[in-house]
Amino acid sequence: MNFFAKIFKRNNIEPPQQLTEDEQFAMNFTKNGGKFIYCTSDLEVQEVFRNILKELGVYVKMSSNASPIINEMFEEHSPMFTSDIETSNVYLIDCEYLITSLGGIMLSSHQLKHRKMDELPEVFIIFAKTSQMVKDIPEGMKGIKKKYIGHIPTGLITLQSFTDNPDTQTISNYGTSSKKTYLILLEDLPIDKQ
């Protein structure tokens with residue numbers, strides 16, 4: 001059988017079901033080495049956060065980008081925070097967008113505090129909401145332009161490698177260091193009931 005006949009050969013197998021954007025994101029994110037935790041309430045976020053801290057161990061010294069979202073959601077844990085990024089080993093931040101097609105996280109200077117990735121702690125805990133999901137980088141850039149009219153943040157990157165495994169490294173990660181990354185995703189959109 002020739003090459004084209006093999007490619008276009010018809011069979012009776014049903015086509016695979018199309019993944020939703022959030023399913024596609026979760027699959028790509030975990031394939032890239034990230035740890036993905038989906039939550040449906042603030043209470044669940046708090047429980048997951050405590051479990052992550054237990055998993056990380058006794059010595060956790062945490063810094064944060066101190067955004068209003070982070071301060072509000074993790075207020076009860078504020079005694080654990082330090083303003084000294086150099087001595088912290090965990091970085092708790094929000095993000096600009098979640099890129100579903102890549103399983104990547106778009107970060108800006110607002111989250112990175114104008115630092116290079118290798119100047120930040122090795123463990124990232126990222127808090128995001130499902131309303132921050134966008135299909136691809138161009139859609140994320142459109143959102144950035146709307147969100148920060150006239151003041152687009154510098155240092156935009158899309159982090160999409162969450163392990164030192166060379167199989168998960170891509171050209172778009174060139175020059176950025178991998179981070180052990182936990183993503184706590186809070187559902188904030190209406191859930192379709194079918």
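The following exercises, each with a worked solution, concern a predicted model of a protein chain.

**Exercise 1. Determine the secondary-structure content of the protein chain and the share of its residues that count as buried.**

Solution. Begin with the elements: the protein chain has six helices and nine strands. Next, consider burial: 41% of the 194 residues count as buried. The exposed surface of the protein chain comes to about 11,800 Å², of which carbon and sulfur atoms supply 55%. Finally, turn to contacts in the protein chain between residues at least 6 apart in sequence: 74% of these join residues at least 24 apart.

**Exercise 2. Establish the strand order of the open sheet of five strands, and identify its edge strands.**

Solution. The order is 1-9-6-3-2, and the pairing is parallel. Strand 1 (35-39) and strand 2 (62-64) each pair on one side only, and these are the edge strands. On average, neighbouring strands of this sheet are turned by 20 degrees against each other, direction ignored. Now inspect one pairing: strand 1 and strand 9 (residues 180-186) are joined in the parallel sense over five bridges. Within strand 9, L186 stands opposite C39.

**Exercise 3. Describe how helix 2 and helix 3 lie across the strands.**

Solution. Helix 2 (residues 21-31) lies across strand 1 and strand 9 and runs at about 150 degrees to strand 1. Helix 3 lies across strand 1, strand 2, strand 3, strand 6 and strand 9; relative to strand 9, helix 3 runs at about 165 degrees.

**Exercise 4. Classify the aromatic pair of F49 and F74, then that of Y91 and F124.**

Solution. The count of aromatic pairs comes to seven. For F49 and F74, the centre-to-centre value is 4.7 Å and the planes stand at 50 degrees, a tilted pair. F49 belongs to helix 3 (residues 42-56) and F74 to the loop between helix 4 (68-73) and strand 3 (90-93), so this pair ties together parts 25 residues apart in sequence. Both F49 and F74 are buried.

For Y91 and F124, the ring centres are 5.6 Å apart and the planes stand at 65 degrees, so the pair is edge-to-face; the cut-off for that class is over 60 degrees. Y91 lies in strand 3 and F124 in strand 6 (residues 123-129), so the pair ties together parts that are 33 residues apart in sequence. Y91 and F124 are both buried. As a further step, note that F25, F29, F36 and F162 form one aromatic cluster.

**Exercise 5. Determine whether H77 counts as buried or exposed, and list its contacts beyond four places in sequence.**

Solution. First locate the residue: H77 is found in the loop between helix 4 and strand 3. Its relative accessibility is 7%, and the limit for burial is under 20%, so H77 counts as buried. With neighbours within four places in sequence left aside, H77 is in contact with Q46, F49, R50 and L53. With Q46, the contact includes a polar one between the two side chains, at 3.2 Å.

**Exercise 6. Classify L43 as buried or exposed, and state the separation of its C-alpha atom from that of M73.**

Solution. L43 lies in helix 3. Its relative accessibility is 67%, and exposed means over 50%, so L43 counts as exposed. Along the chain, L43 and M73 are 30 residues apart, while their C-alpha atoms are separated by 9.8 Å.

Terms used
Residues numbered from 1 in each chain as written. Predicted model: local features only at pLDDT ≥ 70, side-chain atom pairs only at ≥ 80, totals over all residues. Heavy atoms only, no water. Phe/Tyr/Trp six-rings, centres within 6.5 Å; stacked < 30°, edge-to-face > 60°. Helix = DSSP H or I, 4+ residues; strand = E, 2+ residues; numbered from the N terminus. Buried < 20%, exposed > 50% of the residue type's maximum accessible area, 1.4 Å probe, protein only. Pairing = 2+ DSSP bridges. Axes fitted to C-alpha atoms, helices over the stretch in contact; angles between N-to-C directions. Contact = heavy atoms within 4.5 Å. Areas by Shrake-Rupley, 256 points an atom, 1.4 Å probe, with all protein chains shown as cover. Polar contact = N/O pair within 3.5 Å; in protein donor to acceptor, adjacent residues only side chain to side chain.
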